[in-house]
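Hi,

Here is the structure I promised to pass on. Have a look at it first, and then read my notes below.

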Amino acid sequence: MKVALFIPCYIDQFYPQVGIATLQLLKRLGCRVSFPLQQSCCGQPMANSGFATRSKGCDNNFIDNFKHFDYIVAPSGSCVLHIKEHLKSETHPEEAAHIRGTIYELCEFLTDILQVEYIKASFPYKVGWHNSCHGQRGLYLSSMSETVSPEFSKPERLLNMVRGLHLSIPRRKDECCGFGGIFCISEEALSVKMGTDRIKEHELNEVDYISSADVSCLMHIEGILKRNKNNIKTIHIAEILNSKL
Amino acid sequence: MLSKEKILQVVAANQPEFVPLPEMNHGCLIEYSDLCAQFKTASENVGATVQRINDIQVLKEELKKEAEAGRFIINTIAGLGTINKQATLLPAARLNQLEKVYIKGTIGVAENAAVWVPESNMLNRLLPFIAEHLVLLLEKKNIVTTLHEAYQRIDISTAGFGVFIAGPSKTADIEQSLVTGAHGARSTKVYILE
Amino acid sequence: MKTTHAALAEKFIANTAQTDWHDRTLWLVRQKRDKAVHTLPEWEILREWASQIKNHTLSQLSEYLSEFEQKAKANGIVVHWAADAEEHNRIIYKIIRKHNIQNIVKSKSMLTEECQLNKYLEQKGIEVVDTDLGERIVQLRKEPPSHIVLPAIHLKKQEVSETFHRYLKTEKGNHDPQYLTEAARQHLRTKFIESQLAITGVNFAVAETGGFVICTNEGNADMGAHIAAVHIACMGIEKIIPKARHLAVFLRLLARSATGQPITTYSSHFQQPGPGQELHIVIVDNGRSKHLGRKDFRNSLKCIRCAACFNTCPVYRKSGGYSYHSSITGPLGAILNPNTDMKASADLPFASTLCGSCSHVCPVKIDIHEQLWKWRQVIVAEGYVSRKKKTGMKIISFVLSRPSFYRFSGKAGRWIMRTFPFLLKNKLNPWFHSREMPEAPKQSFRDWYLKHKP
Ligand code: SF4
């Protein structure tokens with residue numbers, strides 16, 4: 001199985017450890033993983049700011065890098081959703097369609113494609129789970145509190161395989177953290193308020209870590225935690241699934 | 001009539017291509033094992049009280065007693081005693097003192113406690129709203145499961161006015177604290193005749 | 001410069017206690033909604049039916065409007081058509097003049113709010129008494145409603161108490177909701193009894209029967225409509241549904257979505273004028289027909305005004321209705337307002353994290369968050385964003401679409417952050433105002449990969 005690793009730009013630049021964990025995890029699970037070297041960004045920052053027309057360059061570059069694989073996997077629900085919904089190409093429509101259909105967020109790739117039932121990992125901490133909105137409501141990584149449907153959660157299923165991990169779900173189990181791409185800058189005060197309120201619920205649960213399938217949410221939450229000298233740490237799910245503590 | 005033509009013209013030009021109506025198969029709808037019990041639970045949840053009676057006599061006596069006590073009560077149900085048509089036509093300023101009105105509902109809906117009252121039953125459209133207290137009489141056989149079934153049984157085009165009433169008038173507009181008796185009846189009691 | 005959602009939100013948040021109360025209270029409403037919808041196994045099917053019925057109706061809207069008018073007229077209802085808010089107001093004013101009406105009561109209607117009817121009539125020296133408790137409260141305070149279903153949700157009972165003390169002579173300091181509601185009941189009873197004209201909204205107009213349905217919990221629409229000699233019901237062209245039996249679908253969805261009640265206390269079906277009464281309907285366009293032509297946005301015309309999207313929206317809950325600076329607030333306002341005034345509403349589609357909760361609570365399946373995304377594209381294309389943002393975006397997209405450039409700037413960026421962190425950690429960087437910057441690692445993932453490549 002030829003798997004391409006897509007490491008979104010801010011992960012590449014600021015959170016390389018998430019990329020490393022993803023790569024190692026996929027390899028351990030038997031995938032042939034490669035990392036197309038000329039990749040950069042999915043174009044989401046522009047598109048969500050209203051500049052989708054400007055993401056053409058990103059789109060073409062993305063297609064060039066990722067057209068030759070069976071699957072594309074990324075440790076970011078948000079970027080995957082963007083590609084799935086908005087990757088377009090006038091010159092290479094078929095390749096764009098192929099990519100849209102074969103790109104997966106890490107958790108869903110593990111549960112749906114690799115159908116992982118067992119992961120050798122241990123992480124003896126109390127972990128508060130944060131559902132990222134794009135992963136949840138966009139990619140349906142888990143059921144949501146808005147709809148009447150059977151409950152499920154792909155990330156929770158995976159985390160439950162980790163030895164020693166004590167999973168903790170906040171009271172509002174799927175409320176947005178307030179990152180929201182451009183929103184975190186343009187609506188700075190509100191964005192911080194939303195993040196702070198999410199953290200409060202995890203604090204009530206006395207978690208050691210807040211984890212998520214999206215680094216963007218975590219980057220925002222981490223920024224607030226650190227500013228307030230809060231001891232709670234953030235960690236991406238790939239790092240937990242790849243840890244052998 | 002200029003605006004009408006203009007609006008309809010733009011609407012016709014802008015409306016999307018024909019989309020069919022959905023097939024609504026009622027097989028998926030909720031069912032209750034005991035409609036009457038469910039109706040009672042739903043009623044209590046919306047703040048109404050329910051009393052099941054085997055004999056209309058109970059209600060007749062209640063009405064008689066209240067009339068004897070000199071209360072301003074209006075009965076609109078033929079089976080309960082005489083109907084004072086004159087009273088139903090009193091001006092609003094006078095009806096404002098109306099303590100209680102007795103009205104027959106034609107359909108009760110188990111899922112949501114709504115009782116259908118057509119204009120012909122209430123005699124005056126204002127009565128169920130302006131009375132301080134509302135008493136509805138409902139026959140058990142007329143309780144249906146959901147609103148879908150209710151609309152199959154009633155024809156809204158035959159009444160000049162009709163209303164589904166579920167419980168007493170209420171509001172939560174001040175800090176979301178629920179208060180009954182906003183503008184309409186302060187209480188709604190439903191008698192279910194077995 | 002016009003005040004933006006971001007600035008108004010910041011002001012709102014400054015009062016933490018009030019913000020937290022607002023957030024908690026509306027979240028409670030959302031939870032009540034959840035509880036109610038989970039009692040129905042067919043909930044998602046109902047949403048789908050409602051969505052399809054509305055899609056169908058929009059596709060045949062001109063036919064249904066004509067059918068409705070014809071049937072309504074046959075029922076003895078006088079039907080008026082208003083191209084815009086001004087005409088709507090004028091029609092009502094004419095009726096008032098014709099009957100020389102002094103006393104007017106009005107029940108909740110977002111349409112009359114949209115048309116600014118009260119203001120219009122006020123300028124002509126005519127007073128309209130709003131009778132919905134929440135609307136009466138904000139009317140006395142000379143404020144607009146901050147929520148389409150809960151107009152006074154931004155107020156605490158102490159504030160209501162003060163207002164009532166001032167205008168209704170209630171006891172000073174008594175802020176018991178029961179007491180205050182009772183005071184409003186007595187006050188408004190007098191208004192109802194004196195009323196000569198009742199103005200109401202319309203929740204659903206049925207093409208098949210030529211009648212319409214109004215839903216309230218308080219009974220205020222009925223108190224007005226059955227006492228006054230003249231009743232005017234105002235409806236947007238999108239309120240039409242084809243058949244009476246479709247009411248079942250919408251009434252089952254509406255109250256559960258709005259407040260978690262299985263149905264509103266009163267669902268009143270008006271078919272003909274009452275004995276000796278005059279019944280008018282004003283059918284209003286005010287931009288809706290144009291909206292219908294916008295393929296990407298037309299399905300917001302399916303809205304049944306339940307406000308579930310407001311209650312679920314974390315941005316709305318934590319920023320309050322007034323931060324949307326328009327008569328229809330919340331996520332709904334953010335997708336409706338740009339249609340009528342794009343310039344004044346250019347910031348609203350950006351007042352969202354695109355979390356998508358709204359689209360999933362919406363009982364008629366409006367793709368609210370996707371419309372927000374699409375509005376952003378339109379607003380940028382039409383030039384309603386600041387020059388600064390545009391230049392910034394140009395640079396970002398230039399960099400991100402050129403891998404070698406991106407790597408250089410990434411490295412440079414990180415290098416800068418590590419060496420001179422203060423360069424970025426300044427007041428001009430909104431991120432940094434209340435958040436730390438992510439710590440820049442020595443090497444990017446790509447650097448690591450190149451070293452460790454098999
Ligand atoms: S958009 Fe949907 S959820 Fe929002 S008010 Fe309208 S119908 Fe309700």
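**What I found**

Let's start inside chain C: two salt bridges are counted between its domain 1 and its domain 2. One salt bridge across the chain joins Glu238(C) and Arg305(C), with the closest N and O atoms 3.9 Å apart. On the side of domain 1 of chain C that touches domain 2, helix 14 (308–312), helix 16 (330–340) and helix 17 (357–361) each give two or more residues. By class, that side of domain 1 has 15 nonpolar, seven polar and three charged residues. Keep in mind as you read that this is a predicted model.

To place those domains, here is how chain C is divided. The domain assignment gives domain 1 as 1–17 + 299–385, domain 2 as 40–286 and domain 3 as 394–452. In the contact between the first two, 25 residues come from domain 1 of chain C and 28 residues from domain 2 of chain C. Their centres, taken over C-alpha atoms, are 23 Å apart. Together domain 1 and domain 2 of chain C bury about 2,300 Å², and carbon and sulfur atoms give 59% of that area. There are also 12 residue pairs in polar contact across this interface.

Now for the chains. Which chains share the most contacts? Of the two pairs of chains in contact, it is chains B and C. Chain A and chain B, on the other hand, do not touch, and their nearest C-alpha atoms are 14 Å apart.

Chain C also meets chain A, with 75 residues of chain C in contact with 69 residues of chain A. Chain C and chain A bury about 6,400 Å² between them, with 62% of it on carbon and sulfur atoms. Seven salt bridges are counted between chain C and chain A. Lys318(C) makes a salt bridge with Asp197(A), where the closest N and O atoms are 2.5 Å apart. You'll also get 30 residue pairs in polar contact between chain C and chain A. What gives the most to the side of chain C that touches chain A? That is helix 2 (residues 16–37) of chain C, with 10 residues. The side of chain C that touches chain A has 34 nonpolar, 19 polar and 22 charged residues.

Last, a quick look at chain B. Chain B has eight helices and 11 strands, and its C-alpha trace spans about 65 × 45 × 40 Å along its principal axes. Of its 194 residues, 56% count as buried.

Cheers

Conventions
Residues are numbered from 1 along each chain as its sequence is written. Chains are lettered from A and ligands numbered from 1 in the order in which they are written. This is a predicted model: local features need pLDDT of at least 70, side-chain atom pairs count only at pLDDT 80 or more; totals for chains, interfaces and linings use all residues. Side-chain values use heavy atoms; hydrogens and water are left out. Domain bounds come from an automatic or database domain assignment. Contact means heavy atoms within 4.5 Å. Buried area is the accessible area (1.4 Å probe) that two parts lose on being put together, summed over both. A salt bridge is a side-chain nitrogen of Lys or Arg within 4 Å of a carboxyl oxygen of Asp or Glu. A polar contact is a pair of N or O atoms within 3.5 Å; within protein, one must be able to donate a hydrogen and the other to accept it, and residues adjacent in sequence count only if both atoms are side-chain atoms. Helices (H or I, at least four residues) and strands (E, at least two) are DSSP runs, numbered from the N terminus. Ala, Val, Leu, Ile, Met, Phe, Trp, Tyr, Cys and Pro count as nonpolar, Asp, Glu, Lys and Arg as charged, and the others, Gly among them, as polar. Buried means under 20% relative accessible area, exposed over 50%, partly exposed in between (1.4 Å probe, protein chains only).
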